[in-house]
Amino acid sequence: MSQLLAGKNALILGVANKWSIAYAIAHAYVREGARVLLTYQSERQKQTVEELGAELGVARVLPCDVTQEAEVSALVEQIRTGCGTLDAMVHSIAFANKEDLSRPFVETPREGFLLAHDVSAYSLVALSRAVAPLMTAGGSIMTLSYLASVRVMPNYNVMGVAKASLEACVRYLASDLGPQNIRVNAISAGPVKTASARAVKDFSKMLEGAAAHGPLRRATDPAEVADTAVFLASTLGRGVTGNVVYVDAGFQIMGV
Ligand code: NAD
């Protein structure tokens, strides 16, 4: 079968280690022939992401803390001079203070609320605005969401509220950028054991519950999330925008 992303330039933000969902996506994008650019959040992650990038054979590894406007601008400038145009961007980034993912939601302090929304939702807006001019032949932007945006999940708290904001951002961005043939979607993944997920109190119970009770009776495999990310970036996904695509072994349809 021919490669689905041959000739496409793709920026993937959110690889921290090999368990990151973004890592699975990078792996699939390289397999499908994309020229992949990765970012790392801070110096602490630089070496790991560079090593993973070298193993995968990505084109470049660049710094970007999404809360820093200057770093977002510098990233886009480096992409402009390095490859000129961009076809896809994967936003696989979220953060909330750990204590806000264990105590009751009603106790969320203002600064924790703002931080979760800044990193997990606003960053998609800032990045989309920054990369859109590079998507001269149209493009595909996607982010990672979770069912806690529309259902109350134990301990997900402010992150669930930030995911609701993120999904609304997807719809408004899709509307704004559609005339430039830039599509914007979210992939709502089922629970996957990653560093971020481990910050949620009792995450393992959530994962086991979803695997036991979802239609497919198994956990979500990051590789199947990655294959949906391939579809969305490819011409196969050309009619899909403003959507939340569930890749969760079907768990979202269940009542109890
Ligand atoms: P992860 O910890 O591997 O990835 C989170 C990434 O966010 C890390 O690479 C981290 O460096 C990055 N990040 C945090 N703050 C940042 C900042 N200020 N600037 C730049 N990068 C920053 O965990 P993951 O589970 O792969 O998470 C990726 C995405 O998938 C998140 O949006 C998460 O909410 C979402 N998601 C995860 C699950 C799950 O169960 N793991 C399920 C559904 C959705």
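Leaving aside neighbours within four places in sequence, which residues is Ser123 in contact with? They are Val66, His91 and Asp118. This is a predicted model. Ser123 sits in helix 4, which covers residues 110-131. Its relative accessibility is 1%, so Ser123 counts as buried.

**The largest nonpolar core**

- In soluble globular proteins, nonpolar side chains tend to be buried together.
- The largest nonpolar core here has 36 residues.
- Seven of its members touch the most other members: Ile12, Ile25, Tyr29, Leu38, Met142, Leu144 and Ile187.
- Several helices give two or more residues to this core: helix 1 (21-31), helix 2 (43-56) and helix 8 (222-233).
- The strands that do so are strand 1 (9-13), strand 2 (35-40), strand 4 (88-91), strand 5 (139-145) and strand 6 (182-189).
- Helix 1 provides the largest share, 8 residues.
- Another core lies apart from this one. It has 33 residues, among them Val76, Met89, Ile141 and Leu173.

**A closer look at Ile12**

- Neighbours within four places in sequence are left aside here.
- Ile12 is in contact with Ala22, Ile25, Ala26 and Tyr29, among others.
- Its contacts also include Val36, Leu37, Leu38 and Thr39.
- Val90 is in contact with Ile12 as well.

**Helix 1**

- Helix 1 is mostly covered. Of its 11 residues, 8 are buried.
- The buried residues are Ile21, Ala22, Tyr23, Ala24, Ile25, Ala26, Ala28 and Tyr29.
- Two of these, Ile25 and Tyr29, are also among the core members that touch the most others.
- Gly33 follows helix 1. Its phi is positive, near 90°.

**Cysteines**

- A disulfide is a covalent bond between the sulfur atoms of two cysteines.
- How many disulfides does the model contain? The count is 0.
- Cys64 is in no disulfide. The nearest cysteine sulfur belongs to Cys83 and is 15 Å away.
- A disulfide needs two cysteine sulfur atoms within 2.5 Å, so a 15 Å separation does not qualify.
- The same holds from the other side: Cys83 is in no disulfide, and the sulfur of Cys64 is its nearest, 15 Å away.
- Cys64 counts as buried, at 4% relative accessibility.

**An aromatic pair**

- A pair of aromatic rings is described by the distance of the centres and the angle of the planes.
- A search of the whole structure finds 1 aromatic pair.
- The partners are Tyr146 and Tyr156. Their ring centres are 4.7 Å apart.
- The planes stand at 45°, so the pair is tilted.
- Both residues lie in the loop between strand 5 and helix 5 (157-177). They are 10 residues apart.
- Tyr146 is buried, and Tyr156 is buried too.

**Unusual backbone angles**

- Most residues other than glycine have a negative phi.
- Asn157 has a positive phi, near 45°, and is not a glycine.
- Asn157 is placed in helix 5. It is buried, with a relative accessible area of 15%.
- Asp202 is not a glycine either, yet its phi is positive, about 60°.
- Asp202 is found in the loop between helix 6 (195-198) and helix 7 (203-213).
- Is Asp202 buried, partly exposed or exposed? It counts as partly exposed, at 39% relative accessibility.

Conventions
Residues are numbered from 1 along each chain as its sequence is written. This is a predicted model: local features need pLDDT of at least 70, side-chain atom pairs count only at pLDDT 80 or more; totals for chains, interfaces and linings use all residues. Side-chain values use heavy atoms; hydrogens and water are left out. A nonpolar core is a set of buried Ala, Val, Leu, Ile, Met, Phe, Trp, Tyr and Cys residues joined through side-chain atoms within 4.5 Å. Buried means under 20% relative accessible area, exposed over 50%, partly exposed in between (1.4 Å probe, protein chains only). Helices (H or I, at least four residues) and strands (E, at least two) are DSSP runs, numbered from the N terminus. Contact means heavy atoms within 4.5 Å. Rings of Phe, Tyr and Trp (its six-membered ring) pair if their centres lie within 6.5 Å; planes under 30 degrees apart count as stacked, over 60 as edge-to-face and the rest as tilted.
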